[in-house]
Amino acid sequence: MKRLMLKLGILCMSMMFYACQATSNLHPVILVPGNGGNQLEARLTRGYKPSSLFCHWYPILKQKGGWFRLWFDPGVLLAPFTQCFADRMMLFYDKDTDDYRNAPGVETRVLHFGSTQSLLYLDPSLKRATAYMAPLVESLEEIGYVSGETLFGAPYDFRYGLAAEGHPSKVGSKFLLDLKDLVEKASRNNGGKPVIIVSHSLGGLFVLQLLNKNPISWRKKYIKHFVALSTPWGGTVVQMVTFASGYTLGVPFVDPLLVREEQRTSESNSWLLPNAKVFGERKLVITPNATYSAHEITRFLSDIGFSRGVYPYTTRILPLMEQLIAPEVPITCIIGSDVRTPETLFYGENGFDEQPDVVYGDGDGTVNMASLLALEKLWSEEKHQPLKVIRIGGISHTSILQNDSALAEITGEIYSINSHVISSVL
């Protein structure tokens, strides 16, 4: 009955939106995915040095030019190929250039920028198992949006992040420029209507940076609304597991230690470490010999054996994490709640090579509630920042893109944002 009512609600909205679509009155929507939320391809050059014989020839089948799918590749489930995957996904911080780069001999590319195609499924041959934004795109199409006309996607190389002012960030900065161009093009092709940006997870941090790196006149002209789904504004405790012990994202059969080094080198993963402004003095990791709060991330990185990550974190990432500046455009945060979320990690005598015991708190299963609600606290005195928060109980970090109730909330909010358009044509 509940599913039927949701479908009827969407049908009613579809009928109302049809008039808007016919006269091209919808505000265009751009979808920005989260970490791991779109396909990546790679190819290997002569500089590639395989770590095993398996990696020398895997995968056997490649596309024209030697390209193959790097993410998501189901071969990562098998131990010999897990190491190949990790080697190829790894980034390296170059202190001479003060920027990150791919592993030697590995070239990567992002597919279908501007389209939703690479956001729908992480592996199109495994649609049921790897569906990502496909249910959301289908829901938006049901209320009148048309891919390529009023609905667009902004995939990116999610391994890379951004850096504080004065530090280069070639890949991340290029993405922001491409996203800005896409916003302007979508607006221009839809009669100059400002754009609704809908992000998931990490994508929300990129969007906030896009808004604040452009003048208020640009924001007022081109941005109608920013809808942020499950955004970790202040990082996550889960990220400390990722750095300390490796994290498999729930993928079965994968040894987290095989992917730990690759995960540590991801620039965007550093961006998702807990923010002291949000988590304060609370002890997040406890070992027999030490405790760590969000104020002690640099010591944490050294103690887990990743001291080479301290310099880029303190110089490039930490100042960036402090830039949660209100952009003075309307923002709606839609978040899951009431899902067990790691809050405190306990490591034993065997150290960080074993997974910790966990004390859980509230959140969406990945992002802690303090992080999901961080903007309410940090922007409480901002008089010119419209901010709305919608909580959906029992919805996890990823099910927000698939659950019928969550999709109804998202499409309902976009309907509301477009409501003045509906009133003008009915």
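Colleague: What makes R109 count as a charge over the face of W67?

Modeller: In this predicted model, R109 lies over the face of W67, at 4.2 Å from the ring centre. The definition asks for CZ of Arg within 6 Å of the ring centre and within 35 degrees of the ring normal. R340 is placed over the face of Y360 in the same sense, at 3.9 Å from the ring centre.

Colleague: Why is the pair of F54 and F81 called edge-to-face?

Modeller: The structure holds 20 aromatic pairs. In the pair of F54 and F81, the centres are 5.8 Å apart and the angle between the planes is 90°. Centres within 6.5 Å make a pair, and planes over 60 degrees apart make it edge-to-face, so both conditions are met. F54 belongs to helix α2 (residues 53-57) and F81 to helix α3 (residues 79-89), so the pair links distant parts of the chain, 27 residues apart.

Colleague: How do you know whether F54 and F81 are buried, exposed or partly exposed?

Modeller: F54 has a relative accessible area of 38%, and because this falls between the limits of 20% and 50%, F54 is partly exposed. F81 has 13% relative accessibility, which is under 20%, so F81 counts as buried.

Colleague: What makes the pair of Y156 and F206 tilted?

Modeller: Y156 and F206 are 4.9 Å apart centre to centre, with 55° between the planes. This angle is neither under 30 degrees nor over 60, so the pair is tilted. Y156 lies in the loop between β7 (151-153) and α7 (170-188), while F206 lies in helix α8, so parts that are 50 residues apart in sequence are tied together. Y156 is buried at 3% relative accessibility, and F206 is buried with a relative accessible area of 1%. Ring pairs also link Y156 and F206 with F113, F175 and W271 into a cluster.

Colleague: Why is N102 called buried, and which polar contacts does its side chain make?

Modeller: N102, found in strand β5, has a relative accessible area of 15%, which is under 20%, so N102 is buried. A polar atom of the N102 side chain lies 3.3 Å from the backbone oxygen of V106, and the side chain of T108 is in polar contact with that of N102 at 3.0 Å. Both distances are within the 3.5 Å limit. Leaving aside residues up to four places away in sequence, N102 touches M90, L91, F92, E107, T108, R159 and Y160.

Colleague: Why is strand β12 described as largely enclosed?

Modeller: Seven of the seven residues of β12 (residues 331-337) are buried, so the strand is largely enclosed by the rest of the structure. I331, C333, I335 and S337 point one way, T332, I334 and G336 the other way, and all are buried.

Colleague: How do you know that β12 pairs with β9 and β15?

Modeller: Two strands pair if there are at least two bridges between them. Strand β9 (residues 223-229) and β12 have four bridges in the parallel sense, and seven bridges join β12 to strand β15 (residues 387-393), again parallel. I334 of β12 stands opposite L229, and the bridge partner of I334 in β15 is I390.

Colleague: Which residues of helix α15 are buried, and what do they pack against?

Modeller: In α15 (residues 310-321), the buried residues are V310, P312, Y313, T315, R316, I317, L320 and M321. The buried residues of α15 pack against β4 (91-94), β5 (99-102), α8 (202-212), α12 (267-271) and α14 (297-303).

Notes: Residues are numbered from 1 along each chain as its sequence is written. This is a predicted model: local features need pLDDT of at least 70, side-chain atom pairs count only at pLDDT 80 or more; totals for chains, interfaces and linings use all residues. Side-chain values use heavy atoms; hydrogens and water are left out. Buried means under 20% relative accessible area, exposed over 50%, partly exposed in between (1.4 Å probe, protein chains only). Helices (H or I, at least four residues) and strands (E, at least two) are DSSP runs, numbered from the N terminus. Contact means heavy atoms within 4.5 Å. Rings of Phe, Tyr and Trp (its six-membered ring) pair if their centres lie within 6.5 Å; planes under 30 degrees apart count as stacked, over 60 as edge-to-face and the rest as tilted. A polar contact is a pair of N or O atoms within 3.5 Å; within protein, one must be able to donate a hydrogen and the other to accept it, and residues adjacent in sequence count only if both atoms are side-chain atoms.
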